[in-house]
Amino acid sequence: GPEDAAWERAVEERVRRRIAQAEARAGGPRMMAMEDGEAERLLAAFYAANCVEKEAGQKYQCQIPLKGVNKVFKGPEFVKKHLWNKHTPRVLEELYLMAYLTDPARPSDTAPPSEPDEPD
């Protein structure tokens with residue numbers, strides 16, 4: 001109804017303001033890179049889940065298929081590089097999700113307040 005639409009607009013405006021404030025403090029939008037310590041921290045579980053040791057200390061396999069094949073590498077650092085180069089959308093999706101989930105200032109009121117039902 002109209003109350004829901006107004007609530008959605010208010011939430012959307014509040015989120016846009018917070019993004020603008022964060023970008024202004026940081027000097028503009030910040031893109032994380034593979035070498036970024038913050039990205040490393042946020043993606044540690046993602047790397048662990050997508051890099052499986054095939055032969056003790058010798059072969060490591062990416063768990064995300066590329067053209068139907070799970071590639072094998074000589075070290076976990078090569079799997080990490082492969083993830084950033086060939087599976088960028090998945091890496092960024094995970095990065096942004098983890099950044100959001102660990103943000104202490106993230107919006108917490110995500111549903112419109114419910115109104116009590118009126119007796120018939």
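This note sets out numbered points on the predicted model shown above.

1. Overall architecture. The protein chain contains 5 helices and 3 strands. Along the sequence these elements are arranged in the pattern α-α-α-β-β-β-α-α. The three strands of the chain therefore follow helix H3 and precede helix H4 in that pattern.

2. Burial and surface. Of the 120 residues in the protein chain, 20% are buried. The accessible surface amounts to about 9000 Å², and carbon and sulfur atoms account for 54% of that area. Among contacts with a separation of 6 or more, 41% join residues that are 24 or more positions apart.

3. Geometry of helix H5. Helix H5 spans residues 88-101. It has 14 residues and extends 20 Å from its first C-alpha to its last, which is close to the 20 Å expected at 1.5 Å a residue.

4. The two sides of helix H5. Val91, Leu92 and Leu95 are buried in H5. These residues cover an arc of only 95 degrees around the axis, so they are placed on the same side of H5. Pro89 and Glu93, by contrast, are exposed on the other side of H5.

5. Packing partners of helix H5. What do the buried residues of H5 pack against? Their partners are helix H2 (37-42), helix H3 (44-50) and helix H4 (76-86).

6. A nonpolar patch on the surface. Leu97, Tyr100 and Leu101 make a nonpolar surface patch of about 270 Å². Leucine 97 belongs to helix H5, and its relative accessible area of 41% makes it partly exposed. Patch membership requires over 30% relative accessible area, and leucine 97 meets that requirement because its value is 41%.

7. Salt bridge within helix H1. The structure holds 5 salt bridges. One of them links arginine 16 to glutamate 12, with the closest N and O atoms 3.0 Å apart. Both residues lie in helix H1 (residues 2-26), and their spacing of 4 residues is about one turn of the helix. An α-helix has 3.6 residues a turn, so residues three or four places apart point the same way. Arginine 16 is exposed, at 52% relative accessible area, whereas glutamate 12 is partly exposed, at 39%. The two residues fall into separate classes because the cut-off for exposed is over 50%.

8. Salt bridge within helix H2. Glutamate 38 pairs with arginine 41 in a salt bridge whose closest N and O atoms are 2.8 Å apart. The two residues are 3 residues apart in helix H2, so about one helical turn separates them. Glutamate 38 counts as partly exposed at 33% relative accessibility. Arginine 41 is likewise partly exposed, with a relative accessible area of 49%; this value does not pass the cut-off of over 50% that defines exposed.

9. Salt bridge between lysine 59 and glutamate 55. The side chains of these two residues meet in a salt bridge with an N to O distance of 3.8 Å. This pair satisfies the criterion because the limit is within 4 Å. Lysine 59 is partly exposed, with a relative accessible area of 38%, and glutamate 55 is also partly exposed, at 36% relative accessibility.

Notes
Residues are numbered from 1 along each chain as its sequence is written. This is a predicted model: local features need pLDDT of at least 70, side-chain atom pairs count only at pLDDT 80 or more; totals for chains, interfaces and linings use all residues. Side-chain values use heavy atoms; hydrogens and water are left out. Patches are made of residues with over 30% relative accessible area and no salt bridge: like charges are joined within 9 Å, nonpolar side chains (Val, Leu, Ile, Met, Phe, Trp, Tyr) within 5 Å. Accessible areas come from the Shrake-Rupley method with a 1.4 Å probe; for residues, only the protein chains shown count as cover. Buried means under 20% relative accessible area, exposed over 50%, partly exposed in between (1.4 Å probe, protein chains only). The expected span of a helix is 1.5 Å times one less than its number of residues. The arc is that of the directions from the helix axis to the C-beta atoms. Contact means heavy atoms within 4.5 Å.
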